[in-house]
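Please report on the local contacts and ring geometry of this model. Keep it brief.

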Amino acid sequence: MRMDCETHGKLTDAYLDGELDAASALAFESHGAGCAGCGPRLASARDERARMSGLLREGITYHRAPPAFRAGVEAALAHASAPPPVARAAAPARFGLGSLAAVAAAAVLASALTWWAASSLGGSRHDPVGELVASHVRSLQVDHLTDIASSDRHAVKPWFAGKLDFTPPVADLGTEGYALRGGRLDYVDSRPAAALAYQRRQHVINLFVWSDAGRDEPAYATQRAGFNVVAWRDRGLRFALVSDLGEDELRGFAERLRKP
Ligand SMILES: [Zn+2]
């Protein structure tokens with residue numbers, strides 16, 4: 001989709017609710033980072049959200065349940081735990097009423113709990129860019145950085161053939177200090193993506209590549225959990241670099257990858 005100021009404004013709630021997919025979230029953040037109008041507008045919308053969820057949390061902590069709500073739940077529970085009016089064997093049909101009240105009371109409590117959990121966990125919303133970082137961290141932890149380990153791009157590139165509906169460009173920039181270590185299949189938004197592993201000094205860099213139709217987009221940088229992310233869109237593909245490498249060097253790598 002075309003990310004202009006109007007679209008950015010319309011998507012702000014969906015973004016803050018964590019409802020955008022990774023490609024849209026990156027396009028959204030990229031526009032916000034470069035637009036003098038939308039960047040500050042997004043920041044104030046986020047502040048307003050934080051203020052509201054703070055108020056909600058305080059309300060949940062300090063306000064007791066309204067008396068009518070409380071009385072209703074207590075009555076339902078009392079009724080549910082009362083002995084059946086008639087012996088079980090004599091009237092099995094009427095015995096069901098007490099169970100029904102218990103179910104109703106449980107449903108009321110469950111929906112109150114769900115509402116409480118949803119508002120108090122507001123900070124841990126779905127974050128597609130954060131998921132790219134999680135994928136990067138996982139690739140380091142489980143010793144599963146590459147399915148094909150090779151520094152030869154002529155071995156890595158054909159390995160993806162038939163596994164994806166696009167061909168990821170594979171650059172060999174070893175002479176410039178970005179050693180290719182290999183590639184693997186990964187997933188972004190539950191869709192197959194190429195992940196290419198590079199190394200600069202002791203820093204591992206993952207380059208995620210997946211299909212994302214739309215206009216080319218310049219590289220922009222963001223951060224999650226202490227990791228740098230540099231993303232751009234080029235000829236129908238979305239690229240995202242993730243690493244603990246410094247932002248300047250990661251941006252430099254992105255520039256090199258974009259101009260082979
Ligand atoms: Zn804008």
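The report below covers aromatic pairs, charges over rings, and two residues in strands.

## Model

This is a predicted model. Local features are reported where pLDDT is at least 70. Side-chain atom pairs count only at pLDDT 80 or more.

## Aromatic pairs

A search of the whole structure gives 5 aromatic pairs. One of them joins Trp-159 and Phe-160. Their ring centres lie 5.0 Å apart, and their planes meet at 80°. That angle is over 60 degrees, so the pair is edge-to-face. Phe-160 is buried, at 1% relative accessible area.

Tyr-178 and Phe-253 form a pair with another geometry. Here the centres are 4.1 Å apart and the planes are at 5°. The angle is under 30 degrees, so this pair counts as stacked. The pair links distant parts of the chain, with the two positions 75 residues apart. Tyr-178 sits in the loop between helix H7 (153-159) and strand S2 (179-188). Phe-253 belongs to helix H8 (residues 247-258).

Are these two partners buried or exposed? Tyr-178 has a relative accessible area of 6%, which is under 20%, so it is buried. Phe-253 is at 0% and is buried too. Ring pairs also bring in Tyr-198, giving a cluster of Tyr-178, Tyr-198 and Phe-253.

## Charges over rings

Two of the rings described above carry a charged side chain over them. The charged end of Lys-163 sits over the ring of Trp-159, 4.1 Å from the ring centre. Arg-200 lies over the face of Tyr-178. Its distance to that ring centre is 4.3 Å.

## Thr-222 in strand S5

Thr-222 lies in strand S5 (residues 217-224). Its relative accessible area is 16%. The cut-off for buried is under 20%, so Thr-222 is buried.

Which residues does Thr-222 touch, leaving out those up to four places away in sequence? They are Glu-29, Val-129, Phe-227, Asn-228 and Val-229. The side chains of Thr-222 and Arg-224 are joined by a polar contact of 3.4 Å. Glu-247 is 25 residues from Thr-222 along the chain, and their C-alpha atoms are 8.7 Å apart.

## Asp-234 in strand S6

Asp-234 is placed in strand S6 (residues 227-234). Asp-234 is buried, with 12% relative accessible area. Beyond residues up to four places away in sequence, Asp-234 touches Asp-216, Phe-239 and Arg-258.

Key
Residues numbered from 1 in each chain as written. Heavy atoms only, no water. Helix = DSSP H or I, 4+ residues; strand = E, 2+ residues; numbered from the N terminus. Buried < 20%, exposed > 50% of the residue type's maximum accessible area, 1.4 Å probe, protein only. Contact = heavy atoms within 4.5 Å. Polar contact = N/O pair within 3.5 Å; in protein donor to acceptor, adjacent residues only side chain to side chain. Phe/Tyr/Trp six-rings, centres within 6.5 Å; stacked < 30°, edge-to-face > 60°. Lys NZ or Arg CZ within 6 Å of the ring centre and 35° of its normal.
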